[in-house]
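Biologist: I am new to this model and would like a close look at one part of it. Please take me through how that part is put together, and explain your terms as you go.

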Amino acid sequence: MTFNLAILTDNWPLLLDGMLLTIFIWVVGTAIGLAIGLAVAVLQLFTNRWLAAPLTFYVAVMRGTPFLIQLFVIYYGGPFFGLDLTPLVAGVGGLALYGGAYFSEIFRAGFLSVPPGQIEAARMMGISRLAIIRHVQLPQMLVIILPALANMTVLLSKETAVLSVITVNEMTSVVQSIGSTTFAFAETLLFLAVVYWAFLEIVTALARRLEKRVGRFTLRNQH
Amino acid sequence: MSEQTAAGGRPIIDVKGVWKRFGTVDVLKGIDLSIQKSEVTCIIGPSGSGKSTLLRCIAFLEEYSEGEIYIEGELLGFSLENGKRRRVSDAEVARVRRNVGFVFQQFNLWPHMTALENVAAPLRLARGIPREDAAKRARAMLDKVGLSARADAYPSQLSGGQQQRVGIARALAMEPHIMLFDEPTSALDPELVGEVLQVMRDLAREGMTMAVVTHEMGFAAQVADKVVFIDRGVIAVSGSPEQVFRDNDNPRLRQFLQNYFERNVFWQSGDETPADAPAL
């Protein structure tokens, strides 16, 4: 077996398309997932239990079942419930719902990490619940939960590969088809690994910079 | 109480028959207390007696189980419909207690904001005051508690006494009609207690209405108009500092004060030969 990187350069338009689609799915899915996660955590913690109970059920289902099955249910099972989605929409939506469940648990832990006395002081000052979340809780908890959020974001980058099973032509499915027609599995899989690793490095670098920004008050305390 | 009402008009705080239960434990058992404008009331008592719980009920940080608490004539936390109590909305609670300032034992400053931001943020977020005006008023308040030079420091860069003074400035900025202090010096190193008590003394002198839960008997004796001794959930003794500290012979109160004095005696001349021991 030879190792011929020309396989990659010869197929670069396909690979580039696949990679861009993967990035699109990842970024949009993560962004929506973060929004879902924050909303679910806020509703669970700060509203009544009639709203919290179904949300807790949603989180349990999404965390308790494989992403692969969730995608099958949404894409192939959806039409039975009048939910006729394109593969891409089903895939991105599925990723967002899946990630959102995990993100909600991270946000929930974050909210609980802010000492209740600070919330009491804010309420005593007449600050609204929403303003307390935005100005007192979020800025402090972000410092604490940022590594966990970054970690989940990296995990989601790799979950995008599962979208190949519902015929989304993202990077992993492109690489698989190139591999199976040229039998150059080593080169293509190496490419795949390097790109996912690059995602990890990018997220890590961004998270570090963000940590410094949101953590100004804790960093400054050290001298 | 009735003669005070006649003389001073409507009390700022009127507590009537308040009970507070945590589960099956009765922490407050029928408290009656009224606080007139410009009056300083010091609440003392053994730990676990319910004094902090009473203050927290007056701020509605705890929901009281029975009775009524009026703030400047308005019932706090509940509405009465044909004699039945109904919990009102959080917004309504916030409206009724808008003129009540609270100072916490643990300061409860927001650590991600500077001293100035801690004081200015509530003005912006709760009162909608524009950023610059809020900062200006915050600066004036920090100046009042002697901390204008530390406006840009974060709480963790301040001593406990300075943090508590920021806490007081933060409450004062909202222009309260009454200030509630929940053991404001109990979390402080002994040498930092004085600076906080001085700020409180100045406030009292300016005529601020204050209710102070404290273990600082010296402060209570010097500053209070009324001292209230709470024991096992009831007001056991209440009156002027002289009446409570000097004249009253309630055994629980005497025991409490005796413990306090013994704890604070650190050296006596002739320790080896007590003063009342017969000379040899």
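Modeller: Let us begin with contacts inside chain B, where a contact means heavy atoms within 4.5 Å. Among those between residues at least 6 apart in sequence, 64% join residues at least 24 apart. Please keep in mind that this is a predicted model, in which local features need pLDDT of at least 70 and side-chain atom pairs count only at pLDDT 80 or more, while totals for chains, interfaces and linings use all residues; side-chain values use heavy atoms, with hydrogens and water left out. As for labels, residues are numbered from 1 along each chain as its sequence is written, and chains are lettered from A and ligands numbered from 1 in the order in which they are written.

Chain B contains 10 helices and 12 strands, which are DSSP runs numbered from the N terminus (helices: H or I, at least four residues; strands: E, at least two). Its radius of gyration, taken over C-alpha atoms, is 20 Å, close to the 19 Å from the globule rule for 280 residues, so chain B is as compact as a globular protein of that length. That rule is 2.2 Å times the number of residues to the power 0.38. Along the principal axes, the C-alpha atoms of chain B fill a box of roughly 75 × 55 × 40 Å. Of the 280 residues in chain B, 50% are buried; buried means under 20% relative accessible area, exposed over 50%, and partly exposed in between (1.4 Å probe, protein chains only).

Now to some charged pairs. A salt bridge is a side-chain nitrogen of Lys or Arg within 4 Å of a carboxyl oxygen of Asp or Glu, and the whole structure has 20 of them over all chains. One joins Glu66(B) and Arg21(B), at 2.8 Å from N to O. These two lie 45 residues apart, with Glu66(B) in strand β4 (residues 66-71) and Arg21(B) in strand β1 (residues 13-22) of chain B. Glu66(B) is partly exposed at 35% relative accessibility, and Arg21(B) is partly exposed at 33%.

Another salt bridge pairs Glu62(B) with Arg56(B), at 3.2 Å from N to O. Here Glu62(B) is buried, with 18% relative accessibility, and Arg56(B) is buried, with 16%.

Arg56(B) also reaches across to the other chain: it forms a salt bridge with Glu120(A), the closest N and O atoms being 2.5 Å apart. Between chain A and chain B the count is 2 salt bridges. On the chain A side, α6 (116-124), α7 (129-159) and α10 (216-220) each supply at least two residues that touch chain B. Of these, α6(A) gives the most, with 7 residues.

Stepping back, the contact takes 17 residues from chain A and 23 residues from chain B. The size of an interface is often given as the accessible area lost when the parts come together. For chain A and chain B the buried area (accessible area lost on being put together, 1.4 Å probe, summed over both) is about 2000 Å², and carbon and sulfur atoms give 65% of it.

Methods:
Buried area is the accessible area (1.4 Å probe) that two parts lose on being put together, summed over both.
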